[in-house]
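Student: I have a structure open and do not know how to read it. Could we go through some features in turn?

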Amino acid sequence: MLDLGCGPARHAAHLVRDHGALVDAVDASAGQYERARARHGSLPGLNLVLADAVEHLRAAEPYDVIYSVNAVPYIDPHRLLPALAAALEPGGRLCFTVLHTNSHGDGPSGDVVARPEILRLAGGDVTVRMWVLAPDLWTALLAEHGLRVERVDVLDAPQPGNHASYRLFQATRPLRVSSRPRTGKPPVAHAALGVGAVLHGPADCSSTGTGTGRGSCPAGRWSPARRCRRRSCASSARRRGSRRGRRTSGCSGRSSTTRAVSSG
Ligand SMILES: C[S@@+](CC[C@H](N)C(=O)[O-])C[C@H]1O[C@@H](n2cnc3c(N)ncnc32)[C@H](O)[C@@H]1O
């Protein structure tokens with residue numbers, strides 16, 4: 001598995017030591033990498049990597065599990081998510097936390113934009129740019145890259161008066177990718193086209209339809225052979241009123257023709 005943005009690698013070390021996991025732990029900060037190496041560098045099963053997470057994902061063998069504790073919001077999702085999805089085995093799992101509401105109570109954005117956030121560190125405040133996005137937006141972005149969100153948990157700061165709230169996402173890369181990821185967006189134009197075929201044989205009309213056994217054609221639902229004889233072809237022609245339709249209505253039974261029908 002991969003710990004993305006592992007920092008001092010305490011989560012990775014815990015999974016290796018207490019659960020027998022094999023973990024690659026990657027962080028882009030030389031300081032964090034040195035801290036991790038000093039504390040856990042000799043732990044068998046833990047592989048510490050100093051690298052940009054996206055560069056690492058692009059080069060690595062696919063992982064069964066990728067997780068990240070508060071590091072995903074630091075990386076542009078348009079850069080991160082394609083690499084993340086490609087680096088996950090089909091059937092693999094992705095878990096990560098993101099900032100949802102900061103300690104002042106500022107909630108997430110509905111647009112994919114980074115904003116300044118203040119980190120309170122031991123050495124003083126540091127301003128960083130973070131992608132603090134609404135859960136629906138994360139879900140849609142993940143879906144665009146073939147990742148399906150299974151659940152989202154709320155993690156509120158335990159201290160009274162602290163408005164900080166995080167969201168824990170659990171997602172999978174499905175074994176079989178559906179033709180269109182589930183999003184709220186309409187399908188792209190070419191996805192609205194369907195293709196079928198109408199066959200005219202020597203004895204009768206028959207249809208390959210869309211492979212259901214009861215073909216569908218512009219005239220409506222119809223089944224092969226007897227029910228479709230001339231009548232449905234003629235009604236098909238009447239409804240379309242096109243030259244192509246009139247040709248179909250001829251249905252002379254003399255020649256065998258295959259015609260593609262597009263809809264949508
Ligand atoms: C808030 S810290 C979390 C550290 C650790 N996951 C933890 O919970 O202790 C965020 C970490 O993400 C790392 N990070 C930010 N951008 C990164 C990138 N592009 N590639 C790798 N690591 C990154 C930072 O260096 C930092 O260690």
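Tutor: Start with how much of the chain is buried. This is a predicted model, and 26% of the 264 residues in the chain count as buried.

Student: What is the secondary structure of the chain?

Tutor: The chain has seven helices and 14 strands.

Student: How confident is the prediction, as mean pLDDT of the chain?

Tutor: Confidence is given residue by residue, so look at the average and then at the weak stretches. The mean pLDDT of the chain is 80, with 67% of its residues at 70 or more. Over residues 205–264 the pLDDT falls below 50, yet this stretch has 91 contacts in the model beyond near neighbours in sequence.

Student: What share of the contacts joins residues 24 or more positions apart?

Tutor: Among contacts in the chain with a separation of 6 or more, 56% are between residues 24 or more positions apart.

Student: Take A38 as a single case. Is A38 buried or exposed?

Tutor: Count the neighbours, then compare with the cut-off: a residue with 12 or fewer other C-beta atoms within 10 Å is exposed. A38 is exposed because it has 9 other C-beta atoms within 10 Å.

Student: Where is A38 found?

Tutor: A38 belongs to helix α2, which covers residues 30–40. Its C-alpha atom is 9.0 Å from that of P8, and the two residues are 30 apart along the chain.

Student: How many residues surround the ligand?

Tutor: There are 16 residues around the ligand, and the closest are G5, G7, S29, A53 and A71. Sorted by class, this shell holds eight nonpolar, five polar and three charged residues.

Methods: Residues numbered from 1 in each chain as written. Predicted model: local features only at pLDDT ≥ 70, side-chain atom pairs only at ≥ 80, totals over all residues. Near = placed C-beta within 6 Å. Nonpolar A, V, L, I, M, F, W, Y, C, P; charged D, E, K, R; others polar. pLDDT = per-residue confidence, 0-100. Contact = placed C-beta atoms within 7 Å. Helix = DSSP H or I, 4+ residues; strand = E, 2+ residues; numbered from the N terminus. Buried ≥ 20, exposed ≤ 12 C-beta atoms within 10 Å, placed from the backbone.
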